Amino acid sequence: MSHHRIAFDQVRYAYPDGTQALDGVTFRLVHGESVGLVGANGSGKSTLLSHLNGLLLPQTGLVTVGEVPVRRETLADIRRHVGLVFQDPDDQLFMPTVLEDVAFGPLNLGMSPAEANNRALQALEAVGSASLAHRPPQHLSLGQRSAVAVAAVLALEPDVLALDEPAARLDPRARRRLIGLLKGFRHTKIVASHDLDLVLDLCDRVLILKDGRLLKDGPCRELLSDLRLLDEAGLEAPLSLGLIAPDGVRRPGPSAFC
Amino acid sequence: MAVSGAARLAELDRLASGRSGLHALDARFKILLGLAFSFAVVSLPKYAFLRLLPLTLFPLAAAAWGALPPARLLKKALPAAGVALALGAFNPFFDASPLHFNGLALSGGWVSLAGLLLRAVLVAFMALLLIAATGFSALCDALAGLGAPRLFTEQLRLLWRYADLLAEEGARLSRARDLRDPLRRSRGPRIAGHLIAALLGRSLQRAERIHDAMLCRGYAGALHRPSPRRPCAREWAVLALGLALVAALRFAPFPDFVAGALP
Amino acid sequence: MHMSDALLSVPVAAGMLGTTLAALAVSAARAADDPRARPARMGVLGAFVFAAQMINFSIPGTGSSGHFAGGTLLALLLGPWAGALVMASVILVQALFFADGGLLAWGANVFNMGLIGCFVAGPLLVGLFAGPRPGKTRLRAAIIAASVAACVAGALCVTLETTASGLTELPFGRFALLMLPVHAAIGVVEGLITALVLERLPQWQGTAPLDGSDRGERLRVGGMAILALLIAGALSWFASQRPDGLEFSVARTAAPGALEAAPGTLAGRVDAWQRGHAPLPDYAFPSSGSSQDGRAPSAPAWPAVKSETSLAGLGGALLVGILALGLGWTAVWRSRRVGRN
């Protein structure tokens, strides 16, 4: 059974304080797709990601991974197949050494310590951080920690990789390295980010969220050059598209790009 | 204070990554030796100041074996004498019983005070040695190996992991207060309470995120740790030798103060 | 205040260490069932206490600086069992890295600051003082009162441990009189900050910080435990020094020596053995180690403010309590096993 297909059907979720974070979100993801998730702060990006692996359960509507509905009973299974990488690596690297952090997932899957360590080393190789295996995470740079956090999730060998603001505090070089890394993965990817240039670089399709609703769902390049749409969503066009008016403001105007 | 506290943690952590025989010794044995030494020190009677002296050889020998800087560790151990000094300072006033040794006459109060201070420094030195030779994560595993509940050792490990981070956040909040308070009018407990409340809020949110991260990687209540390796014969020998040494230093006939006035 | 190994004697150190280890074992078992006791939460809150202790403030009017200890707060956030475990970790880190006392004193320090803070001041006393569904002011007052109780109890324990160990010459009475009021004041500040911090937490607004179910039962048991300790510790000073009713009547009516067992009989041998081996015969230290002059008191002073009496009383009460708990727990455990089969 392939777990690469993800389906959201009219998912609604409100936080205890009353904020309607998701308001009837519906979409489908298929095998191998690379999807960006963009929107202003508070539009529901993180909430949506949390529904992918059951950290939050929909109040109405349904989330399905493969053919499996995300419910309390199926959480263990879902989490083997959907990996979620958080914004702050320090929230994810809680073991004394990098290797132990990356082996944490495999050990929970029931592997023996030796197998788990092997899996962990493979994952670290995949992100180019094998040399950091025995270092404590506190002593690594932010870029190194970000890569290790990705490795920690990769070690579970999920089918779907979800990332929340992966390059948020990285310097340009670390960011470039991360983008290159992610491009090389054949997983189904969903990336929530403010960094529209990253999304443009990495994703074929983009979901634009506004106030918990899916404003638009379509090809990445097309949507991210629609200045009026971006403005409605509280966003600005990616710099790499060069859609800047003479006075320096990226104003809605005739869309000139392909 | 926050900076020096965090710096101290970092320095001891650095020392713990040494490669001596002492560092390689099974951490459980190091804990046992530390406890044995502490009991030996504590078991000496009130006026036994001179008999404390042979015991000082034990931690010094251990430090030498571990290539750990004794002077620097001793300097860190000195503040420990503070509490002992505060409470023991009254000894000379309340205890005038005569003692003598080798022609030297002293009052009991001074001898017991000296003993108190030396004990305080010795036990503090031992504690620092233990952490400088062991490394915190290994210590947590050792405690579990000695029977401590897993819940205790795992949350202890997480405490260690996040102590620096949260101390830094606390320091930032403190600094933010200080920078907006040139006349030092907001240093009371009420503002401190607000800082602490802010820190708590952030800490609780971080705890939730960490727990979520654990859930995402399959955590379901059980924390898997590698099972402790069996100590080799040489390690057992070191343990036996160490205990014998402590006993020998403690019980060796060593001259000491005698009660009564000079003959 | 942190105890140091230097101030402890072997029996006191061993006793405190043993008690603490037993209490932590029980706490771990009880905490395992508590949904609040997740390792992530506990570890981060421990780190928080650590960090919060570094935020210094000056106490108005005294010019001295203070810092926040956090025991009561932890107990209210995590429940007493998990709270005790976290306090024990914080104190362990302090013992190792800040050389705050040494390895053996950890047992005493966890007892004085952690166990008392969590079990006395925590949901127990706060619940007792606050009552069901307290308003904000009442809750605040309850937290302050509980903090004061915990700080004073902890300070009393430090005093008793120091005096019982006999390495300092501080006369118990004066020592206690100095420590207790100071710690009462510290308790007020601690309680104020705890209350303030809790009030700012969204989930606490307006609700009492207690767990539901057998709250009433726990309160009653806890209240009685504290009362027992108080009686043992302090009120024992006020116990009459005169012979008790039985001794009085026997002495009056029977021949002299009727109360003493004749040497050579079984009773006599048991009596002699007991006298030789009792740690605190007649509720006093075996030989008065302090430097008081040796004149025999004509009429015993009253109230007999003696540390020995307190220690004997407290120690006895604790011992009985621990035994009772142990028996009760074994009984529950055994009945559960039977139930499972």
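These legends describe close-up views of a predicted model.

**View 1. Strands β1(A), β2(A) and β4(A) pair in the antiparallel sense.**
Strand β1 spans residues 6–14 of chain A, and strand β2 spans residues 20–29. Seven bridges join these two strands, which run antiparallel. At one of these bridges, I6(A) has L29(A) in β2(A) as its partner. Five residues lie between the strands of the hairpin formed by β1(A) and β2(A). Among them, G18(A) takes a positive phi near 105 degrees. Strand β1(A) also pairs with strand β4, residues 60–65 of chain A. Five bridges join β1(A) and β4(A), again antiparallel. Here I6(A) stands opposite V65(A). I6(A) therefore has a bridge partner in β2(A) and stands opposite a residue of β4(A).

**View 2. Strand β7(A) pairs with β6(A) and with β8(A).**
Strand β7 covers residues 160–164 of chain A. How many of its five residues are buried? Five of five are, and the strand is mostly covered. V160(A), A162(A) and D164(A) point one way from β7(A), while L161(A) and L163(A) point the other way. In a regular strand, side chains alternate between the two faces of the sheet. Both sets of β7(A) residues are buried. Strand β6, residues 82–85 of chain A, pairs with β7(A) in the parallel sense over four bridges. V82(A) stands opposite V160(A) in that pairing. Strand β8, residues 188–192 of chain A, also pairs with β7(A) in the parallel sense, over five bridges. D164(A) has A192(A) in β8(A) as its bridge partner.

**View 3. Helices α5(B) and α9(B) meet through nonpolar residues.**
Two packed helices are described by the angle between their axes and the distance between the axes. Helix α5 runs over residues 57–65 of chain B, and helix α9 over residues 108–132. Their axes come within 10 Å and cross at roughly 25 degrees. Angles under 35 degrees count as roughly parallel, so α5(B) and α9(B) are roughly parallel to each other. The crossing is left-handed. From α5(B), the contact takes in P59(B), A62(B) and A63(B). From α9(B), it takes in L122(B), F125(B), M126(B) and L129(B). By class, the contact of α5(B) with α9(B) has seven nonpolar residues, no polar and no charged.

**View 4. A261(B) is exposed yet in contact with residues distant in sequence.**
A261(B) lies in the segment that follows β3 (258–259) of chain B. Is A261(B) buried or exposed? It has 9 C-beta neighbours inside 10 Å and therefore counts as exposed. Leaving aside neighbours within four places in sequence, A261(B) is in contact with P98(B), H100(B) and A105(B). A261(B) and A105(B) are 156 residues apart along the chain. Their C-alpha atoms are separated by 7.1 Å.

**View 5. Chain C is in contact with chain B.**
The contact involves 63 residues of chain C and 72 residues of chain B. On the chain C side, the elements that give two or more residues are α1 (10–31), α2 (39–52), β1 (57–58), α3 (71–97) and α6 (172–200). Which element gives the largest share of that side? Helix α2(C) does, with 13 residues. By class, the side of chain C that touches chain B has 44 nonpolar, 14 polar and five charged residues.

Notes. Residues are numbered from 1 along each chain as its sequence is written. Chains are lettered from A and ligands numbered from 1 in the order in which they are written. This is a predicted model: local features need pLDDT of at least 70, side-chain atom pairs count only at pLDDT 80 or more; totals for chains, interfaces and linings use all residues. Axes are lines fitted to C-alpha atoms, for helices over the stretch in contact, and angles run from 0 to 180 degrees between N-to-C directions. Angles under 35 degrees count as roughly parallel, over 145 as roughly antiparallel, 65 to 115 as roughly perpendicular and the rest as oblique. A crossing is left-handed if the near helix is turned anticlockwise from the far one by less than a right angle, and right-handed if clockwise. Two residues are in contact if their C-beta atoms, placed from the backbone, lie within 7 Å. Ala, Val, Leu, Ile, Met, Phe, Trp, Tyr, Cys and Pro count as nonpolar, Asp, Glu, Lys and Arg as charged, and the others, Gly among them, as polar. A residue is buried if 20 or more other C-beta atoms lie within 10 Å of its own, exposed if 12 or fewer, and partly exposed in between; C-beta atoms are placed from the backbone. Two strands pair if DSSP finds at least two bridges between them.
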